Amino acid sequence: MSLAGKVALVTGSTSGIGLGIARALAGQGASILLNGFGDAAVIAALQAEIAATGVGVGYCGADIGKAADCAAMVAQAEREFGRLDILVNNAGVQFVSSVENFPMEQWERVISINLNGAFYASKAAIPGMKARGWGRIVNIASAHGLVASADKSAYVAAKHGLLGLTKVTAIELANAGITCNAICPGWVLTPLVEAQLNARAEREGISVDEAKRRFLAEKQPMARFTTPEQIGAAAVFLCSEGAATITGIPLSVDGGWVAQ
Ligand code: NAD
């Protein structure tokens, strides 16, 4: 499974799943370009923590919803580390509302970060991967890339679109030494989900623990959250030589969510 000598860019890796993936790839020896928002001191501490494992670490504050930022971020990886071998399109946001009440600017925001950003970063990263004859693109979609839930129109549309982009990218690059796959998590306890748990606890007058129980019971046969480390392990597998002929798939890591 060693990724020694490889360079990975993980978007949205200052928190949650992206951070779990960055740590897992670094654990296999890959140098990492972190991306995402957050407190500068916290980000510096994350860089130091990952660098202590002996790999190169950089940071780019690109806004993934902006094409020019994504191109500059890929160029930064190639400049600082000499190459970009692994791109994990993970940055994502959520907004919850019915279609008829969905604010236009929230629709634009969710689509631009969750879908357009993966296209922008992939477009920028592919030429270098092609030139070197090796690459891995891992798109972090969702169970909501395969099935829907009420009140998540922009998110579900973006994640379904991301699976379409995954398939097209995989087919186009099938003989270029580059694979493109998606991971479709179910519930993972991160700030993105904590915001939804807190909102539900308040709305229904229940504890956050009861909100967790209800969230899981409604969607997943397994009454437990997947961890960012487990999503990281799935990403490491997709980047390994063992997965060299796996391309264009949605890999569900969802406690049985879409098996029902
Ligand atoms: P999170 O809120 O913990 O982390 C999101 C990350 O994205 C942060 O680092 C944040 O700074 C970054 N980010 C947000 N907007 C950005 C922008 N415009 N430019 C650059 N970075 C930006 O969320 P998470 O739960 O870790 O989600 C990560 C991914 O996993 C998302 O794509 C999400 O849709 C997906 N996902 C999450 C779950 C879950 O249950 N948590 C389930 C399925 C899929």
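**Notebook: Val193, its helix and the aromatic pairs**

Entry 1. I looked up Val193 and found a relative accessibility of 4%, so Val193 counts as buried, the cut-off being under 20%. I note that the model is a predicted one. I placed Val193 in helix H6. I then listed its contacts, setting aside neighbours within four places in sequence, and found Trp187, Val188 and Phe225. I also checked Val193 against Gln28, which lies 165 residues away along the chain; their C-alpha atoms are separated by 28 Å.

Entry 2. I turned to the packing of helix H6 (residues 191-204) on helix H7 (residues 208-219). I read an angle of about 110° between them, with the axes 9 Å apart. The two helices are therefore roughly perpendicular to each other, since angles of 65 to 115 degrees count as such. On the H6 side I recorded Gln196, Leu197, Asn198, Arg200, Ala201 and Glu204, which meet Val208, Ala211, Lys212, Arg214, Phe215 and Glu218 of H7. Sorted by class, this contact comprises five nonpolar, two polar and five charged residues.

Entry 3. I returned to Trp187, a contact of Val193, and went through the aromatic pairs. I counted five aromatic pairs in total. In one of them, Phe95 with Phe102, the ring centres are 5.4 Å apart and the planes stand at 75°, so I entered the pair as edge-to-face. Phe95, at 26% relative accessibility, counts as partly exposed, whereas Phe102, at 10%, counts as buried. Trp187 pairs with Trp257 in a tilted arrangement, with 5.3 Å from centre to centre and 45° between the planes. This pair links distant parts of the chain: Trp187 is in the loop between E6 and H6, and Trp257 is in the segment after E7, 70 residues apart. I noted both Trp187 and Trp257 as buried. I also noted that ring pairs join Phe95, Phe102 and Trp107 into a cluster.

Entry 4. I examined helix H5, residues 153-172. Do the end C-alpha atoms of its 20 residues agree or disagree with the span expected at 1.5 Å a residue? The expected span is 28 Å and the end C-alpha atoms are 29 Å apart, which agrees. I then asked which residues of H5 are buried. They are Ala154, Tyr155, Val156, Ala158, Lys159, Leu162, Leu163, Leu165, Thr166, Thr169 and Ala170. I found that these buried residues pack against helix H4 (104-132) and against three strands, E5 (135-140), E6 (178-185) and E7 (250-253).

Notes:
Residues are numbered from 1 along each chain as its sequence is written. This is a predicted model: local features need pLDDT of at least 70, side-chain atom pairs count only at pLDDT 80 or more; totals for chains, interfaces and linings use all residues. Side-chain values use heavy atoms; hydrogens and water are left out. Helices (H or I, at least four residues) and strands (E, at least two) are DSSP runs, numbered from the N terminus. The expected span of a helix is 1.5 Å times one less than its number of residues. Buried means under 20% relative accessible area, exposed over 50%, partly exposed in between (1.4 Å probe, protein chains only). Contact means heavy atoms within 4.5 Å. Axes are lines fitted to C-alpha atoms, for helices over the stretch in contact, and angles run from 0 to 180 degrees between N-to-C directions. Angles under 35 degrees count as roughly parallel, over 145 as roughly antiparallel, 65 to 115 as roughly perpendicular and the rest as oblique. Ala, Val, Leu, Ile, Met, Phe, Trp, Tyr, Cys and Pro count as nonpolar, Asp, Glu, Lys and Arg as charged, and the others, Gly among them, as polar. Rings of Phe, Tyr and Trp (its six-membered ring) pair if their centres lie within 6.5 Å; planes under 30 degrees apart count as stacked, over 60 as edge-to-face and the rest as tilted.
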